Amino acid sequence: MKTTLLVPTLNEIDGMREVMPKVKTEWVDQILIVDGQSTDGTAEYARSRGYDVVVQKKKGLRFAYIEGLEQAVGDVIITFSPDGNSDPERIPALVGKMKEGYDMVIVSRYTGGAKSYDDDFITGPANWIYTSLLNFLFKSNYTDACVMFRAWKKGLFYAFELDKDKTYAFEEKILFTTMGCEQLFSIRCAKAKLKCADIPGDEPRRLGGQRKLQLFRWGTGMLYETFRDYLFWKYEKGS
Ligand SMILES: Nc1nc2c(ncn2[C@@H]2O[C@H](COP(=O)(O)OP(=O)(O)OP(=O)(O)O)[C@@H](O)[C@H]2O)c(=O)[nH]1
Ligand SMILES: [Mg+2]
């Protein structure tokens, strides 16, 4: 098993300086920074530390994954937020769990005593609602279906067509945004009845920089994707 730590960055110099020195290079086979054309020196800093750096051509988080995956040497991808929200200390446990043969392992903020210190009065309840809805519809038992910090087998990203524009076309058109793919990834793993697990991991507060999350647009897009995938799933199963 080869692992790539895929780190999307968009003007995250403060977080990068604080967090990346805590990531031990021996924990993974490759550290790959996918930079969305930052203007604060993030990419230069990443290069100075000797990481592989891809400068993203198309805007939006899902293109960071798509363009980054082309340069990833790992067959297991760990998506890691360098803004302080992902605790690097959990990386060895995450890799260890994947070695047990899971298809996807999520570092959950809401299990085993873990806690989010970054949630606010909207994101906390929203994460709970999206995860509960997904579990109800797709009969899964996720505790945190939306978080970025997770590991998965690279082939799944393509098998689930998460690289295809058509997967997001309608919601992106009406909401004027580019969607992320975490929650859809969770949905499609549940539909395919893959072997998924959670390990607990706190979410520390963001370190500097600015939040990129588009609460309303992504929240609405995720709701649409959940019900669309549910209806197709029911139709395909013929019930
Ligand atoms: N390369 C790239 N990275 C991005 C892009 N948008 C966000 N990121 C990075 O992805 C990581 C997670 O960002 P988001 O999931 O948007 O969440 P956030 O902005 O941290 O929002 P909260 O965590 O809810 O405060 C951060 O390191 C961002 O800099 C993008 O378009 N391209
Ligand atoms: Mg964040």
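Start by selecting Asp83 and Asn85: in this predicted model, both residues are buried. Keep them on screen and add the magnesium ion, ligand 2. Which atoms of the protein serve as its donors? They are OD of Asp83 and OD1 of Asn85, and they lie 1.9 to 2.0 Å from the ion.

Next, select residues 182-191, which form helix α8. Is this helix enclosed or open? Ten of its ten residues are buried, so α8 is largely enclosed by the rest of the structure. Click along it and you will pass buried residues of many kinds, including Glu182, Phe185, Ser186, Cys189 and Ala190. Go just past the end of α8 and stop at Lys193, where phi is positive, at about 55°.

Now add helix α9, residues 215-237. Two packed helices are described by the angle between their axes and the distance between the axes. Here α8 and α9 pack at about 15°, and their axes are 10 Å apart. An angle under 35 degrees counts as roughly parallel, and α8 and α9 are therefore roughly parallel to each other. Turn the view to look at how they cross: the crossing of α8 and α9 is right-handed.

Finally, show the side chains where the two helices touch. Which residues meet there? From α8, select Gln183, Leu184, Ile187, Arg188 and Lys191; their partners in α9 are Met222, Glu225, Thr226, Arg228, Asp229 and Trp233. Try colouring this contact by class: you should find four nonpolar, two polar and five charged residues. The α8 residues in this contact, Gln183, Leu184, Ile187, Arg188 and Lys191, are also among the buried residues of that helix.

Definitions and conventions:
Residues are numbered from 1 along each chain as its sequence is written. Chains are lettered from A and ligands numbered from 1 in the order in which they are written. This is a predicted model: local features need pLDDT of at least 70, side-chain atom pairs count only at pLDDT 80 or more; totals for chains, interfaces and linings use all residues. Side-chain values use heavy atoms; hydrogens and water are left out. Donors are N, O and S atoms within 2.8 Å of the metal (3.2 Å for Na, K and Ca); water is not among the atoms, so sites may look incomplete. Buried means under 20% relative accessible area, exposed over 50%, partly exposed in between (1.4 Å probe, protein chains only). Axes are lines fitted to C-alpha atoms, for helices over the stretch in contact, and angles run from 0 to 180 degrees between N-to-C directions. Helices (H or I, at least four residues) and strands (E, at least two) are DSSP runs, numbered from the N terminus. Angles under 35 degrees count as roughly parallel, over 145 as roughly antiparallel, 65 to 115 as roughly perpendicular and the rest as oblique. A crossing is left-handed if the near helix is turned anticlockwise from the far one by less than a right angle, and right-handed if clockwise. Contact means heavy atoms within 4.5 Å. Ala, Val, Leu, Ile, Met, Phe, Trp, Tyr, Cys and Pro count as nonpolar, Asp, Glu, Lys and Arg as charged, and the others, Gly among them, as polar.
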